[in-house]
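Here are a few notes to go with your look at this model. Have it open while you read, and take the points in order.

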Amino acid sequence: MNPGDRVRVERGSVTNEGVLMPSTTADHLVVKLPGGYNVGIDRADAAVEVLERDVYDVAGSDDDESGSTVAFDDDLSTVSLISTGGTIASTVDYRTGAVTAQFDAEDVLRAVPDLAGRANYRGRVVANILSENMTPSVWQELAHAVHEEIEAGADGVVVMHGTDTMQYTASALSFMLDTPVPVVFTGSQRSADRPSSDNVMNAVCAVEAATSDRAEVLVCMHGSSSDDACALHRATRVRKNHTSRRDAFETVGAKPIGRVDYDTETVEFRRDGPGRGETELDLSPDLETSVELVKFTPGMNPAALDHLDDAAGVVIEGTGLGHVATDWIDRIEDLVEAGTVVAMTSQCLEGRVCDRVYDTGRDLLDAGVVEAGDTLPETATAKLMWVLANRADPAAAMGESLVGELQPRSVPWT
């Protein structure tokens, strides 16, 4: 039997029929059921009957020698696919039943045949990790890789990344990289073995965005629960707001800056931004990683800040307009006087910090806290790492908009 054969598998009292798929281990069979889901079956416990041979041509099977080769077309743009892991580049490990990062960029090309004919591709792997294992050092490796790919002639870059920490990485690259071409982050909420997977549409729309005329760091994910279009978000203004929905990502404080129509393959932008070729390629990858993000909660002991004595920077998620309990203020002032930059953000999803309204806020300003406006806490964390390493006055820079992370006014849906 070979991948692509329709088989009946019996194990004890359970019988499954479906198409045999390639397996990552010799000890397990992988069968795609008629409903679209895959099951993993211990080979030693199964009796297999081949019902029909070569029902499907399965990419990635042992006799598939075509690999992910894509013919070069002089009329197409060249897009670099950079993989860091995550669900878009994952498969199910049938030894454990868990989704694990398995594929590199080459595998993604093979797994998403719809990408063929849209561009010429180069594949590169920077990491093969789930995004909870992402670190600032990998951000730096990724920034170097993107810079090298653009320098080598890529007309656009698509970064495949796990969704859980994508907003951190994408915003960090926005500060580290000046780009003359689109750099588009994408991922998927559901792995490729699931019939509701969003990996194909997200990858296709990301490539379309990477060949567009907008030159900045973007995040491209489902724009709704339907398979009609992907939203394009500015990397410094986007947040993952749902654990599992396919349209989990939202631009905070505004609508997404653009849209990719999946059926018509058209890319539209609703707000101005840097155009292709307008910005000179440059890289400033240095980061001060001794930065912590602290979420204030009612009754929280100020001693929680004691471990930050040696931190170069602290971002606080305060309540409302940017507040913490009064008994935190002296401890924060000690940090500032010792040289730590303390930036205030808000736990609210909309609006901006303003510490001039209430006494607590005014006391925080007197203590040396820097207002970060409506910068998202996650973005502020990456920004503080960058400005501490690259700006002479990092505290002042936290109050400035460098790459669209801080809107001039908090007016929703502009």
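1. Let's settle one term before anything else: a salt bridge here is a side-chain nitrogen of Lys or Arg within 4 Å of a carboxyl oxygen of Asp or Glu. Keep in mind too that this is a predicted model. With that rule, the count comes to 25 salt bridges.

2. Which residues are linked in a network of salt bridges? Arg6, Arg8, Glu17, Glu49 and Glu52 are. Try picking out those side chains on screen.

3. Now zoom in on one pair from that group. Arg6 and Glu52 form a salt bridge, with 3.7 Å between the closest N and O atoms. Arg6 sits in strand β1 (residues 6–11) and Glu52 in strand β5 (residues 47–52), so the bridge ties together parts that are 46 residues apart in sequence. As for accessibility, Arg6 is partly exposed at 30%, and Glu52 is partly exposed at 40%.

4. Next, have a look at Asp306 and Arg331. Their closest N and O atoms are 2.9 Å apart, and the two form a salt bridge. This pair links distant parts of the chain: Asp306 is in the loop between β20 (291–295) and β21 (313–318), while Arg331 is in helix α5 (residues 326–337), 25 residues apart. Are the two partners buried or partly exposed? Asp306 is partly exposed, with 38% relative accessibility, whereas Arg331 is buried, with a relative accessible area of 15%.

5. The pair of Glu371 and Arg356 is worth a look as well. It is a salt bridge whose closest N and O atoms are 2.3 Å apart. Here too distant parts of the chain are linked, 15 residues apart: Glu371 belongs to strand β23 (residues 370–371), and Arg356 to the loop between β22 (341–346) and α6 (359–366). Glu371 is buried at 16% relative accessible area, but Arg356 is partly exposed at 47%.

6. Last, the cysteines. How many disulfides does the structure hold? Zero. Take Cys205: the nearest cysteine sulfur, that of Cys230, is 3.6 Å away, and Cys205 is in no disulfide. Why doesn't that pair count? A disulfide needs the two sulfur atoms within 2.5 Å, so a distance of 3.6 Å does not qualify. Cys205 is also buried, with a relative accessible area of 1%. Cys354, on the other hand, is partly exposed, with a relative accessible area of 26%.

Terms used. Residues numbered from 1 in each chain as written. Predicted model: local features only at pLDDT ≥ 70, side-chain atom pairs only at ≥ 80, totals over all residues. Heavy atoms only, no water. Buried < 20%, exposed > 50% of the residue type's maximum accessible area, 1.4 Å probe, protein only. Helix = DSSP H or I, 4+ residues; strand = E, 2+ residues; numbered from the N terminus.
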